[in-house]
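Me: I have a fresh model open and would like to read it one piece at a time. Please reason each answer through for me.

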Amino acid sequence: MSEILLIRHGETAWSASHRHTSYTDLELTPDGERQARALGVLLAGRRFVRVLSSPRQRATCTAHLAGLDADTTDPDLAEWNYGDYEGRTTADIHKESPHWNIWTDGAPGGESPAQVGERADRVLAAAAPLLARGSVALVGHAHSLRVIGARWIGLPPSAGGLLRLDTATVSVLGHEHGRPVILRWNQPAPSPGIDPAQAARH
């Protein structure tokens with residue numbers, strides 16, 4: 001059956017140091033590039049009727065290195081706009097706002113959970129009809145893809161906070177008995193040196 005694959009980009013310098021990154025257009029680190037190439041193992045043999053990517057270079061580069069030919073970029077796949085908190089870590093933010101939670105409070109000068117949820121709904125509304133013809137790949141970022149996962153199964157955007165998503169991972173949305181379900185979540189790219197056939201079995 002057709003599926004929607006959510007692919008998070010490889011490592012950047014800011015993701016490695018846990019700094020919130022939305023509109024800052026960072027490159028992949030060398031490790032991030034290796035991760036992106038390794039994603040090709042998980043995607044081997046897959047055919048997609050549509051590949052959409054966030055416009056940020058960390059996403060488009062990941063798609064390219066993983067062997068995906070992105071049809072177009074979609075601004076709705078961009079990361080949650082962190083506004084005044086761009087480039088800061090949660091630990092740093094908590095020094096001045098100890099109870100702040102992106103999933104319920106949003107970001108000052110940036111987006112609210114509801115606004116990110118609206119973007120996620122637009123992405124899914126565009127992707128869902130395509131499943132009649134085949135699978136769809138969405139290449140993007142941690143928080144926005146987590147919201148897409150939550151919205152797929154009918155949960156509010158804040159429920160994305162319960163879905164951890166690491167760099168260079170593949171998650172799969174699909175159906176069971178006609179109901180939207182999460183089939184797989186946060187599957188990492190295989191480490192270098194792992195036999196592709198063995199990695200595909202896990």
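**From the pocket to the core**

Me: Which element gives the most to the lining of the largest pocket?
Reply: Three residues is the contribution to look for in the lining of the largest pocket. A pocket here is an open set of points on a 1 Å grid (1.4 Å probe, protein atoms alone) with protein on both sides within 12 Å along at least five of seven lines, and lining residues have an atom within 4 Å of a point. The element that gives those three residues, and so the most, is α7.

Me: Good start! What kind of model is this?
Reply: Residues are numbered from 1 along each chain as its sequence is written, and side-chain values use heavy atoms, with hydrogens and water left out. Local features need pLDDT of at least 70, side-chain atom pairs count only at pLDDT 80 or more, and totals for chains, interfaces and linings use all residues, for this is a predicted model.

Me: How many helices and strands does the chain have?
Reply: Helices (H or I, at least four residues) and strands (E, at least two) are DSSP runs, numbered from the N terminus. Reading from the N terminus, the order is β-α-α-β-α-β-α-α-α-β-α-β-β-α. The tally for the chain is eight helices and six strands.

Me: Back to the largest pocket: which residues lie nearest its centre?
Reply: The elements that give two or more residues to its lining are α1 (13-16), α5 and α7. Its lining comes to 27 residues in total, and those nearest the centre are R8, S15, H18, A142 and H143.

Me: Which class has twelve residues in that lining?
Reply: Ala, Val, Leu, Ile, Met, Phe, Trp, Tyr, Cys and Pro count as nonpolar, Asp, Glu, Lys and Arg as charged, and the others, Gly among them, as polar. Seven lining residues are nonpolar and eight are charged, and the class with twelve is polar.

Me: H18 came up at the centre of the pocket. Is H18 buried or exposed?
Reply: H18 sits in the loop between α1 and α2 (30-43), and its phi is positive, about 65°, although it is not a glycine. Buried means under 20% relative accessible area, exposed over 50%, and partly exposed in between (1.4 Å probe, protein chains only). With 62% relative accessibility, H18 is therefore exposed.

Me: And S22, buried or exposed?
Reply: S22 shares that setting, the loop between α1 and α2. Contact means heavy atoms within 4.5 Å, and beyond four places in sequence S22 touches R56, R58, E79, W80, N81, Y82 and E86. Its relative accessibility is 2%, so S22 is buried.

Me: Why is α7 largely enclosed by the rest of the structure?
Reply: A142, H143, S144, L145, R146, V147, I148, G149, A150 and W152 are the buried residues of α7. Their cover includes β1, α5, α6, β4, β5 (169-176) and β6 (179-188). The helix is largely enclosed because its buried residues number ten of eleven.

Me: Which element gives the most to the largest nonpolar core?
Reply: A nonpolar core is a set of buried Ala, Val, Leu, Ile, Met, Phe, Trp, Tyr and Cys residues joined through side-chain atoms within 4.5 Å. The largest has 27 residues, and I4, L6, L77, W80, I102, L138 and I148 have the most contacts inside it. Two or more residues come from each of β1 (4-8), α5 (102-105), α6 (113-127), β4 (135-140) and α7 (142-152). The top contributor, with five residues, is α6.

Me: How many residues are in the other core?
Reply: This second core lies apart from the largest one, and among its members are A38, L39, V51 and A137. Its size is 18 residues.

Me: Which residues does L77 contact, leaving aside neighbours within four places in sequence?
Reply: L77 is one of the residues with the most contacts inside the largest core. Its partners are L52, S53, S54, R119, V123, L138, V139, G140, H141, S144, L145 and I148.

Me: Is A125 buried or exposed?
Reply: A125 belongs to helix α6. From its C-alpha to that of P180 it is 13 Å in space, with their places 55 residues apart in sequence. The relative accessible area of A125 is 53%, so this residue is exposed.

Me: Last one: is H177 buried or exposed?
Reply: H177 is in the loop between β5 and β6. Its phi is positive, about 55°, although it is not a glycine. Relative accessibility reaches 70%, so H177 is exposed.
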